[in-house]
Amino acid sequence: CMPASEAKKPLALWSTPGFFAPESVVFDAGTQSYYVSNVVGNAPEKDGKGWISRLDAHGKIVQEKWVKGLNAPKGMAIRAGVLWVSDIDAVASFDLKTGKKKGLVKVPGAKFLNDVSASPIGNEVFVTDMFTNQIISVQGTQQAVFMQGPELESPNGILASAGGLLLASWGRDIQPDFSTPTPGKVFSIDLKTKAMTPWTEKPLGNLDGLEMDGADAVIVSDWNAGKVFHLKKSGECLLLLDGFKGAADLTFVPDTRTLVLPLMGENRVAAYRLPAL
C-alpha cells in the first residue's frame, strides 16, 4: 500500500481512554450514540467480565457499562433498533433503547465468533468464526453454517450488502497464538454461488475491521501491524493510518466521513475525519 498524501490523510477528531480491550465500535444514528464492546478478560475465555459501553456522538462515555455480564464481546451490528453482538460461541441481541437483552443464539462448536453484520435484506445476521473457518448465518433464534473451509483464511471482518458479502481474513492456518504463516486478504463472496474473489493478488495483513466507502472501496484495519488501509476493488491501496496497538473492528459514518477505531492494545477509541478518497 502507498502512504496517503498530505491531502488524503485523515484528520484526528477525538480520542477517548478508559476502555478495557475495546474490540468493536458501531454507530446508531437514531440514538446518536457509539457502542463499544470491551473484551476485558481473555478473548476466548467465558468469564462474564465483558461489557458494552455507550458514547455520545463526540466520543464522551455516557454509560461505561451500558450492558454487562458478557464473556468476551467482540463484533457488533445494528438493525431495526436491535444491537447484535458476538460472544465466543453465542450471538446476543439487545434493545437499543433500554439495553435489555432480547435473545441469545448459541452456535454449537463455535470457538471464536468475531465480527457481525446484519444483511439489509430480510432478517439474516452473519457472524465469522476465525478458528473454525466458518461464516454462520443467524435468523431469529436459528443458526446454520453459511460457509466453511480453509479458503476463508480465518475469517474476521464481514460486511453484508444487497450485492453480497465482503470478508476480511486474518490469514491461512491460524495458530493458537493467532500467528499465521500467510496474512489475509479482502474477498467478495457471491451469496448464491459462494464464489470468492480476492481484491488484491498479494496478502494484505491480519485483517480485522471492515467498512465500505462507496460501492467499490473499503476501509480495513490490520490488527497486528496497527494499520488502517483504504482499498479499492481494483486493488489500489492507500495506507491511511499506522502506529497503533491492536487496530480492531472500526466503524465508518459516511454522512460525516467519520472513522472510529477501537484500539484494543491501547484501551482507547479514536476518531478521524476522512477526506474524499
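Let me start with Glu 153, which counts as buried because its relative accessibility is 10%, under the 20% cut-off. This is a predicted model, so please hear every value as computed from it. Glu 153 sits in the loop that joins β14 (142-148) to β15. What is phi of Glu 153 near? Phi is near 55°, a positive value, and the residue is not a glycine.

The next residue to look at is Ser 154. Ser 154 is in the loop between β14 and β15, and phi of Ser 154 is positive too, at about 55°, although Ser 154 is not a glycine. Is Ser 154 buried or exposed? Ser 154 counts as buried, since its relative accessibility is 1%. For background, most residues other than glycine have a negative phi.

Now the pockets. The largest pocket has a volume of about 590 Å³. Its lining is made up of 27 residues, and those nearest the centre are Ser 117, Leu 159, Glu 211, Thr 251 and Phe 252. Which strands each supply at least two residues of that lining? They are β3 (22-28), β7 (76-79), β11 (113-118), β15 (155-161), β21 (207-212) and β25 (251-253). By class, the lining of the largest pocket divides into 19 nonpolar, 5 polar and 3 charged residues.

The second largest pocket has a volume of about 250 Å³. Here 14 residues form the lining, with Phe 27, Tyr 34, Val 253, Thr 256 and Thr 258 lying nearest the centre. Strands β2 (11-17) and β3 each give at least two residues to this lining. You may recall β3 from the largest pocket, where this strand also supplies at least two lining residues. The classes in the second largest pocket are 7 nonpolar, 4 polar and 3 charged.

There is also an enclosed space to report. How many cavities of 30 Å³ or more are there? The count is 1. The largest cavity has a volume of about 50 Å³. Its lining consists of Lys 8, His 230, Lys 232, Glu 236, Cys 237, Leu 238 and Leu 277. Both β23 (227-232) and β24 supply at least two of the lining residues. By class there are 3 nonpolar, 1 polar and 3 charged residues around the cavity.

On to the nonpolar core. In general, nonpolar side chains in soluble globular proteins tend to be buried together. In this model the largest nonpolar core has 16 residues, and Val 228, Phe 244 and Leu 259 have the most contacts inside it. Strands β24 (237-241), β26 and β27 each supply at least two residues of this core. So β24 turns up twice in this talk, in the core and in the lining of the largest cavity. Take Leu 259 as the example. Beyond four places in sequence, Leu 259 touches Ile 219, Val 228, Leu 241, Leu 250, Thr 251, Phe 252, Ala 270, Ala 271, Tyr 272 and Leu 274. Two of those names, Thr 251 and Phe 252, are among the residues nearest the centre of the largest pocket.

Three single residues remain. The loop between β26 (258-263) and β27 (268-273) holds Met 264. Met 264 counts as buried because its relative accessibility is 17%. Which residue, 245 residues away along the chain, has its C-alpha atom 8.6 Å from that of Met 264? That residue is Phe 19. With neighbours within four places in sequence left aside, the contacts of Met 264 are Ala 21, Pro 22, Glu 23, Val 39, Trp 223, Lys 245 and Gly 246.

Ser 37 belongs to strand β4 (residues 33-38). Ser 37 is buried, as its relative accessible area is 0%. A polar atom of the Ser 37 side chain lies 2.8 Å from the backbone oxygen of Lys 74. Lys 74 is also one of the contacts of Ser 37 outside four places in sequence, and others include Trp 51, Ile 52, Pro 73 and Met 76. Ala 21, Pro 22 and Glu 23 appear among the contacts of Ser 37, and they appear among those of Met 264 as well.

Last, Gly 59, in the loop between β5 (50-56) and β6 (61-70). Gly 59 counts as buried, with 2% relative accessibility. Outside four places in sequence, Gly 59 touches Trp 14 and Thr 16. From Gly 59 to Ala 225 is 166 residues in sequence and 25 Å in space, C-alpha to C-alpha.

Methods. Residues numbered from 1 in each chain as written. Predicted model: local features only at pLDDT ≥ 70, side-chain atom pairs only at ≥ 80, totals over all residues. Heavy atoms only, no water. Helix = DSSP H or I, 4+ residues; strand = E, 2+ residues; numbered from the N terminus. Buried < 20%, exposed > 50% of the residue type's maximum accessible area, 1.4 Å probe, protein only. Contact = heavy atoms within 4.5 Å. 1 Å grid on protein atoms, 1.4 Å probe; cavity = no way out; pocket = protein on both sides within 12 Å on 5 of 7 lines; lining within 4 Å. Points joined across faces, edges and corners; volume = space filled by probe spheres on them. Nonpolar A, V, L, I, M, F, W, Y, C, P; charged D, E, K, R; others polar. Core = buried A, V, L, I, M, F, W, Y, C linked by side-chain atoms within 4.5 Å. Polar contact = N/O pair within 3.5 Å; in protein donor to acceptor, adjacent residues only side chain to side chain.
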